[in-house]
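Subject: Structure handover and notes

Dear colleague,

I am handing over the structure we spoke of, and my notes on it follow below. Please read them with the structure open beside you.

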Amino acid sequence: MFSIPVFPPPVQGNDGRAGALLAPPVGGCYNGPMTENGSSGTPVFPNPAPLWTKDFTIITLGSVVSLLGNAVSSFAIGLLVLDYTDSILLYALFMVCYCLPCVLLPLLAGPYLDRFSRKRVIYTLDFLSSGIFLAFYFLLRFDFVTYPVFLLVAVLIGGIDSVYTVAYESFYPTLISRGNFQRAYSVSSLIDPLANVIMVPIAGICYKTIGLAPLFLFNAASFFIAAVMETQIRAQESHAAQRRTEPFRFRRFASDLKAGLGYLRSETGLLTITAYFFLTTLCGSVSGTLVLPYFKSLGTDGVWMYTFVMGAATAGRLIGGYLQYRFRYPVERKFAIAMFVYLALSVMEGVYLFLPFAGMLALNFLSGLFGVTSYNIRISSTQNYVPDDKRGRFNGIFQMLNVLGGVFGQLIAGAAGDFLPLRGLVAGAMAVNLAAALVIMLPNREAVKRIYNVDI
């Protein structure tokens, strides 16, 4: 089930007219043409259908189960690597190994996922993840873990997660009933922080008491349960239905990949969003790589400070997700809201490590509140805009570039983190992030508004 990577991920950045009309409704998801009124979209559906269908409920419950396991293991494995190596450089290289398969595999997975069943890929990878974490638990239990083992597990899970993310993000919109994109993605954005609020403190307690190995057994069980639940989803995948008997051919694959790249180049708004999030993920990756080592350098109390600071951010995300579920954005102001969030997040992320503990808590709470707004506007708008039969390729390209930005950020942080002040590096990265919003998004605002300022 969809989740953030089990390894400390880079902090997500501030997460003419369309050429072709959007695809017809798929699996109950309204994905059809929008009638526009100025810069704001007026939907053709007057009465949204119920959001909580059987399939949407199954995938939501499955996400809850898997994210409970992932929340603890995400926290645990970062501490394990730092404890085993006591080196920011080796810690950063570990995260790079996780990200390396994510650079190429999403691009290659996109054309396949636009022709074949995304659901089957999702539950198969979850079963596989369950087996890997079960094996990792036994390696820890019998003290067979070395740094090369960490790197091997990082590569395996990185490859699985990279394909899984594209499959999930391409499949999820087909489970959303018409007129409910914002509410559905607000629910999705609530699950991860809720899991972190519940499970990260438990992981911190385990770190000081029984050890971290049992957490990976719990994660293996959560992936297995999620996979079983996913097999019960019955939504029709119309993009794959007409191609069930079509064999996989490399020439067709290459043609589909080329068409996906051409589609992105032809869409100024999507290209702008993709370029901006590449840079903001790079900058966020510098910050995300250095934050845990900074707090760990403060001693045992620093680890507890880290859990509370991150907890404040997840609390902000919870409240932000709930508000977005209850209230709709003013359609004509969605781009303006997104720009304000991008700029505000850059400032807050850049300065909070210089503040007293109370100030860190306050700014991380606001960062979480704003960050989920950025995520919701971006993902709901782009997934609504991109036709279903191109969604896998767009998500593959977007994911690949974001991971590539994350890898560059990790390498920069790893190379500089052992020699330069960590807080200064984070502040510098966020200054670049601020400039990216002004230089990339603002000049192309009209093209992005056609994607963001739509009632979905």
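Of the 456 residues in the protein, 60% are buried, and I should say at once that this figure, like the others here, comes from a predicted model. The surface that the protein exposes amounts to about 17900 Å², of which carbon and sulfur atoms supply 69%. As for secondary structure, the protein has 15 helices and two strands.

Helix packing around α12

Two packed helices are described by the angle between their axes and by the distance between those axes. For helix α9, which covers residues 268-296, and helix α12, which covers residues 357-385, the angle is about 150° and the axes lie 13 Å apart. Because angles over 145 degrees count as roughly antiparallel, α9 is described as roughly antiparallel to α12. The crossing in which α9 passes α12 is left-handed. On the α9 side the contact is made by Leu270, Ile273, Phe277 and Phe295, while α12 contributes Met360, Ser374, Arg378, Thr382 and Tyr385. Sorted by class, the residues in this contact of α9 with α12 are six nonpolar, two polar and one charged.

Helix α12 also packs against α15, where the axes come within 8 Å and cross at roughly 80°. An angle from 65 to 115 degrees counts as roughly perpendicular, and therefore α12 is roughly perpendicular to α15. Here α12 uses Ile377, Arg378, Ser381, Thr382 and Tyr385, and α15 answers with Arg450, Ile451 and Tyr452. The classes in the contact of α12 with α15 are four nonpolar, two polar and two charged residues. You may wish to look at Arg378, Thr382 and Tyr385 in particular, since these residues of α12 take part both in the contact with α9 and in the contact with α15.

Two positions in helices

Ala447 is placed in helix α15, which spans residues 445-452. Its relative accessibility is 14%, and because buried means under 20%, Ala447 counts as buried. If residues up to four places away in sequence are not counted, Ala447 touches Thr268 and Gly269. The C-alpha atom of Ala447 is also separated by 8.3 Å from that of Thr272, although the two residues are 175 apart along the chain.

Leu261 belongs to helix α8, residues 250-266. With a relative accessibility of 33%, Leu261 counts as partly exposed, because that value falls between the limits of 20% for buried and 50% for exposed. Between the C-alpha atoms of Leu261 and Ile397, which are 136 residues apart along the chain, the separation is 7.9 Å.

Two loop residues with positive phi

Which value does phi take at Asp86? It is near 55°, which is a positive value in a residue other than glycine. Asp86 sits in the loop between α1 (54-85) and α2 (88-113), and its relative accessible area of 70% makes Asp86 exposed.

Asp143 likewise has a positive phi in a residue other than glycine, with a value near 60°. The loop that holds Asp143 runs between α3 (118-141) and α4 (147-171). Asp143 counts as exposed at 60% relative accessibility, because the cut-off for exposed is over 50%.

With best regards

Methods:
Residues numbered from 1 in each chain as written. Predicted model: local features only at pLDDT ≥ 70, side-chain atom pairs only at ≥ 80, totals over all residues. Heavy atoms only, no water. Helix = DSSP H or I, 4+ residues; strand = E, 2+ residues; numbered from the N terminus. Buried < 20%, exposed > 50% of the residue type's maximum accessible area, 1.4 Å probe, protein only. Areas by Shrake-Rupley, 256 points an atom, 1.4 Å probe, with all protein chains shown as cover. Axes fitted to C-alpha atoms, helices over the stretch in contact; angles between N-to-C directions. Parallel < 35°, antiparallel > 145°, perpendicular 65-115°, else oblique. Left-handed = near helix turned anticlockwise from the far one by under 90°. Contact = heavy atoms within 4.5 Å. Nonpolar A, V, L, I, M, F, W, Y, C, P; charged D, E, K, R; others polar.
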